[in-house]
Amino acid sequence: MDTMPWLTLAIAAPLVGLPVLLVWRSITDDAARWVGLAATLAAFAVSIGMLANFETGEAGFQMVSKHPWVESVGLNWFVGVDGFSIWLVMVTTFMFPIAIAASWKVEHQVRRYMAMALFLETVIIGAFLSLDLLLFFVFFEALLFPMYYIIGVWGSKRRIYAATKFLLYTMFGSAFLLVGILWLYVESGKQLGAATFDLTQLEQLQLPTGVARWLFLAFFVGFAVKVPVWPLHTWLPDAHTEAPTKGSVVLAAILLKTGPYGMLRFNLDLFPEASRYFATAIMVLAVVGIIYGAIVAMMQTDIKRLIAYSSVSHMGLIVLGIFAFSAESMDGAVLQMVNHGLSTGMLFLVFGMLYERTHTREIADLGGIVQVTPWLAGAYVVAMLSSIGLPGLNNFVGEFLVLLGTFSVDRVLASIAIVGVILSAVYMLWSYQRTFQGSLKERWGSLPDLSWREGAIVVPIVAVMLWIGLHPAPVLERLRPTSEEVSERVRAVQVGEPVEPLVEASAPTGEQAP
């Protein structure tokens, strides 16, 4: 048996660089950049080891590590990985070195910038791997501070407004989540004899139907703000628009995924009856978000806001897949979390490269740029085609599975969602035509094309997009057992009927403290 604590190492790896950046105050900017890049590459290397040791075909948690931390309140260092979380950790550790490399030209407070990035990566990985609700909440809340700092210090003109709005919205949602967690903690003390935040023990609680539904709503609001589900989305366009390139990439590629992951991990697992009771209403909200995000994206004159509203639309598709409760739709939802991180992350990266050259976000100011930057335009085309779900690229697989799984449950909502997918092709192709095609303005005649550093940033993302698009089997083989287990658990419950406690089905495997 491999006794390497892969998950703890994955969480801790980015922190290796943090003491250097915090203690070595006279470190040069270049050295700080290399420390940041090295630490994120170390985290990626650890995650590769974790993936290599992940048992294909296993539905439960693997590589579990559980140790008492603060025994007086029942807090444990309790981490584990399954088919859902393995890929979210992988996309996190894959995108962070790329985001660091994309921020190489940041010149203001570089040491602090890199320190914030490493701390942010640690807490995001921790949130994806936590099996203790309080530990999850600590990581979930801790990511607000570095993200607020990155937007507020290194953002654009309205950065303070955007950062404050981001913080207030997410803290509003987190307040509901905390109430739900504390309620379960107290209830576990009454039913189990000892209060606990342990997810596997909380699954054994027998909650009255009404109480479970209110708790479901508390958890759902906390995660819906982070997704964001329409109409709780208004913080996202401002945060994306005002954040620096790295901030937009991390926000789109990784941070938004903590919301739908929370729904999959906690809402469906702890409250299956309530999940079924509210499913139709949530699916309607998701479809409204898909269409609304697509229509508003068409109206944007600022290309960052266009990409931001496209995220609202794509995230609606993910929520739709989660609450359709079929194994195919859940496969598609998790795969779309990864795909959205790749395609939208690359869109923000390419636009960031364009912004460094032109210093404008207005689509009307651009046009004809393909004539002087063909490789940059080509990178945008690949990201755009991935985003609209072209067969052969990653998004097609995820979108197809979500729509396939949803169609078997609700054909009307699935059909409306397909309209949103078509609209996304319209606004993305239109954005490319207005930005890169047409007559070249004289002032853009000397723009440089992709540099070797920018090419090295783009090529790995394109390679992964093609790998998932052409050969998704390795991803789906590790994902499907978990999707089937969660889907069967929820679909076995009838609305209004008591839920049988989950005792044996998700028993974790791995090393635990005595």
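1. In this note, helices (H or I, at least four residues) and strands (E, at least two) are DSSP runs, numbered from the N terminus. The model is predicted, and for that reason local features are reported where pLDDT is at least 70 and side-chain atom pairs count only at pLDDT 80 or more, whereas totals for chains, interfaces and linings use all residues. Residues are numbered from 1 along each chain as its sequence is written, and side-chain values use heavy atoms, with hydrogens and water left out.

2. A good place to begin is Asp 198, which sits in the loop between α8 (159-192) and α9 (199-202). Is Asp 198 buried or exposed? Asp 198 is buried, its relative accessible area being 0%, where buried stands for under 20% relative accessible area, exposed for over 50%, and partly exposed for what lies in between (1.4 Å probe, protein chains only). Leaving aside residues up to four places away in sequence, Asp 198 touches Lys 66, Phe 78, Leu 131 and Asp 132, contact being taken as heavy atoms within 4.5 Å. The side chain of Asp 198 also makes a polar contact of 2.6 Å with the side chain of Thr 200; such a contact is a pair of N or O atoms within 3.5 Å, and within protein one must be able to donate a hydrogen and the other to accept it, while residues adjacent in sequence count only if both atoms are side-chain atoms.

3. The next topic is charge. Side chains of opposite charge can pair when their charged atoms come close. The structure holds 12 salt bridges, each being a side-chain nitrogen of Lys or Arg within 4 Å of a carboxyl oxygen of Asp or Glu. One of them joins Asp 198 to Lys 66, with the closest N and O atoms 2.4 Å apart. Because Asp 198 lies in the loop between α8 and α9 while Lys 66 belongs to strand β1 (residues 62-70), this pair ties together parts that are 132 residues apart in sequence. Lys 66 is buried, as is Asp 198.

4. Another salt bridge is formed by the side chains of Glu 273 and Arg 213, at 2.6 Å from N to O. This pair links distant parts of the chain, since Glu 273 is in helix α14 (residues 272-298) and Arg 213 in helix α10 (residues 209-226), 60 residues apart. Both Glu 273 and Arg 213 are buried.

5. The salt bridge between the side chains of Arg 480 and Glu 484 (3.9 Å, N to O) is set within one element, for both residues lie in helix α21 (residues 473-491), 4 residues apart, about one turn of the helix. Arg 480 is partly exposed, with a relative accessible area of 26%, and Glu 484 is likewise partly exposed, with 34%. Elsewhere, a network of salt bridges links Arg 158, Lys 165, Asp 238, Glu 242 and Arg 305.

6. Does the length of α8 agree or disagree with what its residues should span? The 34 residues of α8 should span 50 Å at 1.5 Å a residue, and this agrees with its end C-alpha atoms, which are 48 Å apart; the expected span is 1.5 Å times one less than the number of residues in the helix. After α8 comes Gly 193, whose phi is positive, near 90°.

7. Turning to empty space, the largest pocket holds about 500 Å³. Among the 23 residues that line the largest pocket, those closest to its centre are Val 106, Trp 154, Pro 244, Thr 245 and Tyr 355. Helices α12 (245-253) and α16 each supply at least two residues of this lining, and α16 gives the most, with 5 residues. On a 1 Å grid over the protein atoms alone, a pocket is an open set of points with protein on both sides within 12 Å along at least five of seven lines, a cavity is a set where a 1.4 Å probe fits but cannot get out, and lining residues have an atom within 4 Å of a point.

8. Helix α16 (residues 327-358) also contains Thr 344, which is buried with a relative accessible area of 0%. Thr 344 touches Ala 252, Ile 307 and Ser 311, when residues up to four places away in sequence are not counted.

9. There are 4 cavities of 30 Å³ or more in the structure, where a volume is the space filled by probe spheres set on the grid points, which are joined across faces, edges and corners. The second largest cavity holds about 50 Å³ of space.
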